[in-house]
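Subject: Handing over a structure, with notes

Dear colleague,

Please find the structure below, together with its sequence. I would be glad if you kept both open while you read my notes.

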Amino acid sequence: MEPLRVLELYSGIGGMHQALRESCIPAQVVAAVDVNNIANEVYNYNFPHTQLLAKTIEVLMEFPKNEYEHTQKRAIDAENTIEGKKIEPNVSFDSSKQCSEKEAILFKLETAGEIERKHQQDSDLSVQMLKDFLEDDADTSQYFLPPKPLLRYALLLDIVKPTCRRSMCFTKGYGRYIEGTGSVLQTAEDVQIENIYKSLTSLSQEEKIKKLLMLKLRYFTPKEIANLHGFPPEFGMWDTCGPQLSFIKCPKIH
């Protein structure tokens with residue numbers, strides 16, 4: 001059988017290409033398409049021999065002009081609506097007033113059922129702990145959540161520890177928006193998150209920030225997210241630690 005000829009749409013940083021390469025299926029990615037400049041830089045770095053088109057798929061399919069413009073407008077309106085909802089969260093630190101029809105909120109914005117589900121996921125010994133994917137020797141100081149965003153979005157955060165075996169899916173809004181874009185890492189493992197959140201109700205803003213900072217919450221680094229998504233050690237990623245962007249290699253996962 002002749003090798004498959006593959007057109008990779010919404011190619012991103014090349015996850016589909018990498019998976020196809022590791023599958024050993026006879027195939028050639030003849031072209032990749034994406035409009036994100038940074039994603040294209042990463043893709044081009046790792047797959048320099050693949051034709052990369054910085055275009056939208058609507059242009060590639062020669063939609064009628066009026067239909068294309070209508071499609072673009074709908075996409076922009078939808079994105080603005082989604083992003084608008086993430087800018088101003090309506091949350092309260094008074095957990096006693098937060099309740100649903102079925103279950104009362106215990107702390108943060110989580111019910112007993114949600115907490116139990118997370119505990120069950122973390123008890124699945126067939127899944128590696130997050131600590132196996134972390135950068136132990138890297139300087140991660142720039143990834144810690146600043147005080148103001150930490151206070152503003154504290155109840156929306158999905159918090160995991162290095163010993164957890166789960167995380168939320170990371171989206172392109174990670175680091176810019178809080179709700180539903182990915183988990184944050186609690187690096188102060190000896191601090192009980194329940195005690196921190198249950199003590200916030202009667203505190204001033206300054207005291208709340210002081211309490212929340214005790215958790216030492218930070219975002220996952222680009223390399224760590226690549227590790228979690230199964231990219232191999234030789235896959236290059238952006239390094240944002242220096243004054244200029246450069247490429248780095250992902251560490252080997254044991």
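What follows is a walk through the overall make-up, two sheets, some single residues and a cavity.

Please keep in mind from the start that this is a predicted model. The chain has 254 residues, of which 37% are buried, and it contains nine helices and ten strands. If you take the contacts in the chain between residues at least 6 apart in sequence, 61% of them join residues that are at least 24 apart.

Before we turn to the sheets, one general point may help: the strands of a sheet pair through backbone hydrogen bonds, and this pairing is either parallel or antiparallel. One open sheet is made of three strands in the order E1-E2-E3, with parallel pairing. Its edge strands are E1, residues 4-9, and E3, residues 51-53, each of which pairs on one side only. On average, and ignoring direction, neighbouring strands of this sheet are turned by 25° against each other. Between E1 and E2, the latter covering residues 27-33, there are six bridges, and these two strands run parallel; as an example that you can look up, Glu 8 has Ala 32 in E2 as its bridge partner. Helix H2, residues 37-46, packs on this sheet and touches E1, E2 and E3, while its direction makes about 175° with that of E3.

The loop between H2 and E3 holds Thr 50, which is worth a careful look. Is Thr 50 buried or exposed? Its relative accessible area is 11%, and because this falls under the 20% limit, Thr 50 counts as buried. Leaving aside residues up to four places away in sequence, Thr 50 touches His 17, Val 29, Ala 31, Ala 32 and Tyr 43, and Ala 32 is the residue that we met above as the bridge partner of Glu 8.

A second open sheet also has three strands, in the order E6-E7-E8, but here the pairing is mixed. The edge strands are E6, residues 159-160, and E8, residues 217-218, each pairing on one side only. E6 pairs with E7, residues 184-186, in the parallel sense over two bridges, and within E7 it is Leu 185 that serves as the bridge partner of Val 160.

Next come two residues with a backbone angle to check. Most residues other than glycine have a negative phi. Cys 24, however, has a positive phi of about 65° although it is not a glycine; Cys 24 lies in the loop between helix H1, residues 15-23, and E2, and it is exposed, with a relative accessible area of 68%. Lys 216, which is likewise not a glycine, has a positive phi near 55°. Lys 216 is found in the loop between helix H8, residues 205-213, and E8, and with 48% relative accessibility it counts as partly exposed.

Finally, the structure holds two cavities of 30 Å³ or more. The second largest cavity contains about 40 Å³ of space. Which residues line the second largest cavity? They are Leu 157, Asp 158, Tyr 174, Tyr 177, Ile 178, Thr 181, Gly 182, Val 184 and Tyr 219, and they divide into six nonpolar, two polar and one charged. One of these lining residues, Val 184, belongs to the stretch 184-186 that forms E7.

With best wishes

Conventions: Residues are numbered from 1 along each chain as its sequence is written. This is a predicted model: local features need pLDDT of at least 70, side-chain atom pairs count only at pLDDT 80 or more; totals for chains, interfaces and linings use all residues. Side-chain values use heavy atoms; hydrogens and water are left out. On a 1 Å grid over the protein atoms alone, a cavity is a set of points where a 1.4 Å probe fits but cannot get out, and a pocket is an open set with protein on both sides within 12 Å along at least five of seven lines; lining residues have an atom within 4 Å of a point. Grid points are joined across faces, edges and corners, and a volume is the space filled by probe spheres set on the points. Ala, Val, Leu, Ile, Met, Phe, Trp, Tyr, Cys and Pro count as nonpolar, Asp, Glu, Lys and Arg as charged, and the others, Gly among them, as polar. Two strands pair if DSSP finds at least two bridges between them. Helices (H or I, at least four residues) and strands (E, at least two) are DSSP runs, numbered from the N terminus. Axes are lines fitted to C-alpha atoms, for helices over the stretch in contact, and angles run from 0 to 180 degrees between N-to-C directions. Contact means heavy atoms within 4.5 Å. Buried means under 20% relative accessible area, exposed over 50%, partly exposed in between (1.4 Å probe, protein chains only).
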